[in-house]
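Me: I'd like a close look at one part of this protein: a charged pair, and what its surroundings can teach me about reading the rest. Could you go through it slowly, in one connected answer?

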Amino acid sequence: MIALGLEGSANKLGVGLIRHTPGKPAEILSNIRHTFVSPPGEGFLPKDTAKHHRSWVVTLVKRSLKESAVKVKDIDCICYTKGPGMGAPLQSVAIAARTLGLLWGKPLVGVNHCVGHIEMGREITGANNPVVLYVSGGNTQVIAYAEQRYRIFGEALDIAVGNCLDRFARTLNISNDPAPGYNIEQMAKKGKNLVELPYAVKGMDCSFSGILAVVDMMAAQLLSGKPKPLLTPEGEPVTREDLCFSLQETVFAMLVEITERAMAHVGSEQVLIVGGVGCNERLQEMMGLMARDRGGSVYATDERFCIDNGIMIAHAGLLAYKTGFVTPLEESTCTQRFRTDEVLVKWRD
């Protein structure tokens, strides 16, 4: 079976084609992505992002078909991101999926964005039954599978960790190309001084807005040019790189703590990191240190699969389609709120 996947829940528009053959690993036929990049110091507005997706979706679908040498008649279903995500971009992709479904006479499969990340991560890494840390610009969740549901053990109580990093990049007026979080990571590698920031773990949940408020105030003091510089307790001047380093170290330590607690609870020795922030090498390193102390291992993918993409939607959608699941045309809507644990995972035992 072959599925076409369309992803557009945020500023990445992804189109992918995947083939499932019984007894063999999934075969990625094409995986194309185009990103809406806003100017430095700005985020991406839903209306502008939706306009970008509408402008590029036909081009990307054509490129995907050409690159994969797949004919329309060979496609079994069209999968699209039903949610969660930003309303206007989701609508643009849902309309594109409905149009292609009607034009080509193909069934539709609405896919949960979070489940798409998890299933693609499991497929690429070979992780069997891991605790999943899902970290992105819009979501922060610690997840484990039980009884055909991906159960959420802990999550962000306010903003997602990726949103925290992205918003701090805007404060520092860092470029959004290729991604603000990536540029924060590169600056953090040059940081030397760890500045004390709030550490907000509440049970299995995290809070990032207070940390962002404090580091924003520090950045404002640093960038104001006032005679009184921002200093460490040892009297050394704090740099922008130090603030990036300190923010990363603090929020990643929080994520490692709640992930370790979930591993202990379910008795798992595997951690799978998915989502855009999962590309961060420092997060992978910190999680690896924790997992090795527990005799476990960490699984992660590179930017082709960590960052939002169409192939993960095609893969998760095809898994559901093979169990008999389809989304009727009149129900092919999208929603900004779509919990990971709302999905019945019929393709797993």
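Reply: Happy to. Start with Arg304 and Asp302, whose side chains form a salt bridge in which the closest N and O atoms are 2.9 Å apart. Please keep in mind that this is a predicted model. How open to the surroundings are the two partners? Arg304 counts as partly exposed because its relative accessibility is 46%, and Asp302 is partly exposed as well, with a relative accessible area of 34%.

This pair has company, since a search of the whole structure finds 12 salt bridges. One of them joins Glu27 and Arg19, with 2.9 Å from N to O. Here Glu27 is partly exposed at 38% relative accessibility, and Arg19 is partly exposed at 27%. Elsewhere the charges link up in a network of salt bridges, made of Glu155, Arg339 and Asp341.

For a contrast in setting, look at Arg122 and Glu119. Their closest N and O atoms are 2.7 Å apart, in a salt bridge. Why can these two be partners within one helix? Both sit in helix α3 (residues 113-125), and they are three residues apart, so about one helical turn separates them. This bridge involves buried residues: Glu119 has a relative accessible area of 2%, while Arg122 has 19% and is therefore still buried, since the cut-off is under 20%.

It is worth staying with that helix for a moment. How many of the residues of α3 are buried? The count is 10 of 13, so the helix is mostly covered. Among the buried residues are His113, Cys114, Val115 and Gly116, as well as His117, Ile118, Met120 and Gly121. Does its length fit, or not fit, what a helix of 13 residues should span? At 1.5 Å a residue, the expected span is 18 Å, and the end C-alpha atoms are 19 Å apart, so the two agree. At the N-terminal end, Asn112 acts as a cap: one of its side-chain oxygens lies 2.8 Å from the backbone nitrogen of Cys114. After the helix comes Gly126, with a positive phi near 80°.

That positive phi leads to a few other backbone details you may want to look up in the viewer. Most residues other than glycine have a negative phi, and most peptide bonds are trans. Which residues go against the first habit? One of them is Ala69, with phi near 60°. Ala69 lies in the loop between α1 (46-68) and β4, and it counts as exposed because its relative accessible area is 57%. Another is Glu147, where phi is near 55°. Glu147 belongs to the loop between β7 (140-146) and β8 (149-155), and its relative accessible area of 69% makes it exposed.

As for the second habit, cis peptide bonds turn up before two prolines. The bond from Gly83 to Pro84 is cis, with omega near -10°; Pro84 sits in the loop between β4 (77-83) and α2 (87-104). The bond joining Asp177 and Pro178 is also cis, and its omega is about 0°. You will find Pro178 in the loop between α4 (161-171) and α5 (180-188).

Finally, a word on cysteines, which are easy to misjudge by eye. A disulfide is a covalent bond between the sulfur atoms of two cysteines. How many disulfides does a search of the whole structure find? The answer is zero. Cys206 is in no disulfide, and the nearest cysteine sulfur, that of Cys164, is 11 Å away. Cys206 is buried, at 1% relative accessible area. Cys306 deserves a second glance: the sulfur of Cys279 is the nearest cysteine sulfur, 3.8 Å away, yet Cys306 is in no disulfide. The reason is the cut-off: a pair of cysteine sulfurs has to lie within 2.5 Å to count. Cys306 is buried too, with 1% relative accessibility.

So, back to where we began: Arg304 and Asp302 meet in a salt bridge, with Arg304 partly exposed and Asp302 partly exposed, whereas in the bridge inside α3 Arg122 is buried and Glu119 is buried.

Methods. Residues numbered from 1 in each chain as written. Predicted model: local features only at pLDDT ≥ 70, side-chain atom pairs only at ≥ 80, totals over all residues. Heavy atoms only, no water. Salt bridge = Lys/Arg side-chain N within 4 Å of Asp/Glu carboxyl O. Buried < 20%, exposed > 50% of the residue type's maximum accessible area, 1.4 Å probe, protein only. Helix = DSSP H or I, 4+ residues; strand = E, 2+ residues; numbered from the N terminus. Expected span 1.5 Å × (residues − 1). Polar contact = N/O pair within 3.5 Å; in protein donor to acceptor, adjacent residues only side chain to side chain.
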